[in-house]
Amino acid sequence: DILKDLLKKGGIVTDDQKALAQRKIKEYYAEKGRLDAKVAVKEFPDEQRPGSVRLEFDINPKAKVKIAD
């Protein structure tokens with residue numbers, strides 16, 4: 001639900017939207033203590049709907065980061 005308001009099915013997808021989605025996902029994982037999370041966005045043509053694309057987010061949350069006192 002992180003991207004619910006950002007990306008909508010059937011909407012236009014821009015490079016800025018993809019970058020913002022990537023940043024929002026990283027922020028979500030950072031809040032959970034996973035500061036080194038990696039997110040890659042892949043775009044594929046949607047074969048069932050001509051002129052449409054399918055986005056896939058490849059997320060590697062990495063290990064939690066602990067701050068020592």
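A nonpolar core is here a set of buried Ala, Val, Leu, Ile, Met, Phe, Trp, Tyr and Cys residues joined through side-chain atoms within 4.5 Å. In the present model, which is predicted, the largest such core has 5 residues, namely Leu3, Leu6, Ala21, Ile25 and Val39. One of these residues, alanine 21, is in contact with Leu3, Leu6, Leu7 and Phe57 when its neighbours within four places in sequence are left aside.

Helix H1 extends over residues 15–31 and is followed by a loop that leads to strand E1 (38–45). For the 17 residues of H1, a rise of 1.5 Å a residue gives an expected span of 24 Å; the end C-alpha atoms are 25 Å apart, in agreement with that expectation. The buried residues Lys18, Ala21 and Ile25 belong to this helix. Viewed down the axis of H1, the buried residues fall within an arc of 60 degrees and therefore line one face of the helix. An α-helix has 3.6 residues a turn, so residues three or four places apart point the same way. The packing partners of the buried residues of H1 are E1 and E2. Asp15, Asp16 and Glu31, by contrast, are exposed and lie on the other side of H1.

Among the buried positions of the helix is a lysine. Lysine 18 is located in H1 and counts as buried because its relative accessibility is 16%, below the limit of 20%. Its side chain makes a polar contact of 2.5 Å with the side chain of glutamate 43. Not counting residues up to four places away in sequence, lysine 18 touches Val13, Val41, Glu43 and Leu55.

Lysine 24 is likewise found in helix H1, but with a relative accessible area of 36% this residue is partly exposed. Outside the four-place sequence neighbourhood, lysine 24 is in contact with Ile2 and Leu3, the latter being a member of the largest nonpolar core. The C-alpha atoms of lysine 24 and aspartate 5 are separated by 11 Å, the two residues being 19 residues apart along the chain.

The aromatic-pair count for the model comes to 1. The pair consists of tyrosine 28 and tyrosine 29 in an edge-to-face arrangement, with 5.3 Å centre to centre and 90 degrees between the planes. Tyrosine 28 is partly exposed, as its relative accessibility is 34%.

Beyond the C-terminal end of H1, lysine 32 occupies a place in the loop between H1 and E1. With a relative accessible area of 45%, lysine 32 is partly exposed. Lysine 32 and glutamate 43 are 11 residues apart in sequence, and their C-alpha atoms are 27 Å apart in space. Glutamate 43 is also the residue whose side chain makes the polar contact with lysine 18.

Two positive backbone phi values may be noted. Glycine 33, just after H1, takes a positive phi of about 90 degrees. Lysine 62 has a phi near 60 degrees, a positive value in a residue other than glycine. Most residues other than glycine have a negative phi. Lysine 62 lies in the segment after strand E2 (53–60) and counts as partly exposed, given its relative accessibility of 38%.

Key
Residues numbered from 1 in each chain as written. Predicted model: local features only at pLDDT ≥ 70, side-chain atom pairs only at ≥ 80, totals over all residues. Heavy atoms only, no water. Helix = DSSP H or I, 4+ residues; strand = E, 2+ residues; numbered from the N terminus. Buried < 20%, exposed > 50% of the residue type's maximum accessible area, 1.4 Å probe, protein only. Phe/Tyr/Trp six-rings, centres within 6.5 Å; stacked < 30°, edge-to-face > 60°. Contact = heavy atoms within 4.5 Å. Expected span 1.5 Å × (residues − 1). Arc of directions from axis to C-beta. Polar contact = N/O pair within 3.5 Å; in protein donor to acceptor, adjacent residues only side chain to side chain.
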